Amino acid sequence: MSLNKKTIEDVDITGKKVFVRCDFNVPLDKDLNITDDTRIIKALPTIKYLLKNNAKVILASHLGRPKGEKKEEFSLKPVAKRLSELLDMPVQMADDVIGDKVSNMANKLDDGQVMLLENVRFYKEETDNDPEFAKKLANLADLYVNDAFGTAHRAHASTEGITHYLPAVCGYLIQNEIEKIDGVISNPQRPFTAIIGGKKVSSKIAVLINLLDKVDNLIIGGGMAFTFFKSMGYEIGESICEEDKLDIAKEILDKAKEKNVNLLLPIDNVVAVSFDENTEYKIVDSDKIPKDMMGMDIGPKTVENFKNVIRESKTVIWNGPMGVFEFSNFAKGTNAIAEILAENDVVSIIGGGDSVAAVSQLGLADKMTHVSTGGGASLELMEGKELPGIVALEDK
Ligand code: ADP
Ligand code: MG
């Protein structure tokens, strides 16, 4: 999918009421304090542009999974507070999503003022993509802007339904995500390498298959490597494995050969006696995994091998950690990949909730070309899928 969609710069916004779907799904602690405001910060360029150009801005988002009920712990009030600090201006907080009171508030906005609706998922009609609900949202405004990349792969009322009733364009965050992820996948500088890891083959089959047609090198690590090893007849001990995916693993290995893709699996692994932080571990070659141990991370020889491929690459996309990086003993492989990407002069695109978390924890996010804000949405882009929240926007 390339970005042939209209953006906020392609439409007249002065004096217009603009409904902006953001992704303000921020983590809150038990006192309802925001523990990470990255998502709010990422939404600022679009909001600031609209305000600067004298739009009347109506912001909407979901937060958590309130499942159609109005619950205080899922209120967007903490977001309004943080946003008003970041914008250095008042952000009026609505106490609902739709209804007369909310419409009145929207109608009273002056040019350059901003309000925030309550959590759109306080109505189950949101995730049901209910047309009547979508119409009510649309009635609040003159123009729709989608800037919620994290939910762009969902056809919900505030991401898709609403576009049937209003002119609809995308904001800077979505524009940037599509240009970076899709731009790189469809037109990479070569050699082009994909690093795919994480827990399960099943969640990454579509991405592996799509990338086989595009990459020069395909690096496979993490828990999913063991399903590949098993399909090759190796002993994998107690390692995580999806028995029903052995055939597809074999097929991917065959296809890689057919398409001349250099597919790399780990040559050694860090194996442990049990799945916990302080368990005993050792390093063994991939064909020597003991029956009573499990693979937890890629080994040092593998790290060197993967590093060499990355050093020779001009473009790398990465989705999925190389090991159980949540435990420090088994984070070395994932950290080494993040560090080599950060050090090298390579176009580096990171997608996937856990891989992004790993990179961020190391403080290396700024050293990458692009770190995606949407786990599921970035995975679907890497799969070559069209995202319903983006397809629905107006073509250029
Ligand atoms: P992402 O969110 O980046 O797409 P995934 O959700 O697919 O990544 O996978 C991340 C999870 O995979 C992490 O919780 C990590 O602990 C787990 N994982 C990685 N390697 C292994 C392994 N060898 N055994 C078990 N789990 C693993
Ligand atoms: Mg994940």
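User: Which element gives the largest share of the shell around ligand 1?
Analyst: That is α12, with three residues. Helices here are DSSP runs of H or I with at least four residues, strands are runs of E with at least two, and both are numbered from the N terminus. The model is predicted, so local features need pLDDT of at least 70 and side-chain atom pairs pLDDT 80 or more, while totals for chains, interfaces and linings use all residues. Residues are numbered from 1 along each chain, chains are lettered from A and ligands numbered from 1 as written, and side-chain values use heavy atoms, without hydrogens and water.

User: What makes K204 one of the closest residues to ligand 1, and what is its polar distance?
Analyst: A residue is near a molecule if one of its heavy atoms lies within 4 Å of it. A polar side-chain atom of K204 lies 2.8 Å from an oxygen atom of ligand 1. A polar contact is a pair of N or O atoms within 3.5 Å, and S355 has such a pair with ligand 1 at 2.4 Å.

User: How many residues of the shell around ligand 1 are nonpolar, polar and charged?
Analyst: Six are nonpolar, 10 polar and four charged. Asp, Glu, Lys and Arg count as charged; Ala, Val, Leu, Ile, Met, Phe, Trp, Tyr, Cys and Pro as nonpolar; the others, Gly among them, as polar.

User: Why is one side of β3 and of β6 left without a neighbour in the sheet?
Analyst: Six strands form an open parallel sheet in the order β3-β4-β2-β1-β5-β6. β3 and β6 stand at its edges with a single partner strand each, so one side of each has no neighbour. Strands pair if DSSP finds at least two bridges between them; β2 and β4 have three.

Key: A polar contact is a pair of N or O atoms within 3.5 Å; within protein, one must be able to donate a hydrogen and the other to accept it, and residues adjacent in sequence count only if both atoms are side-chain atoms.
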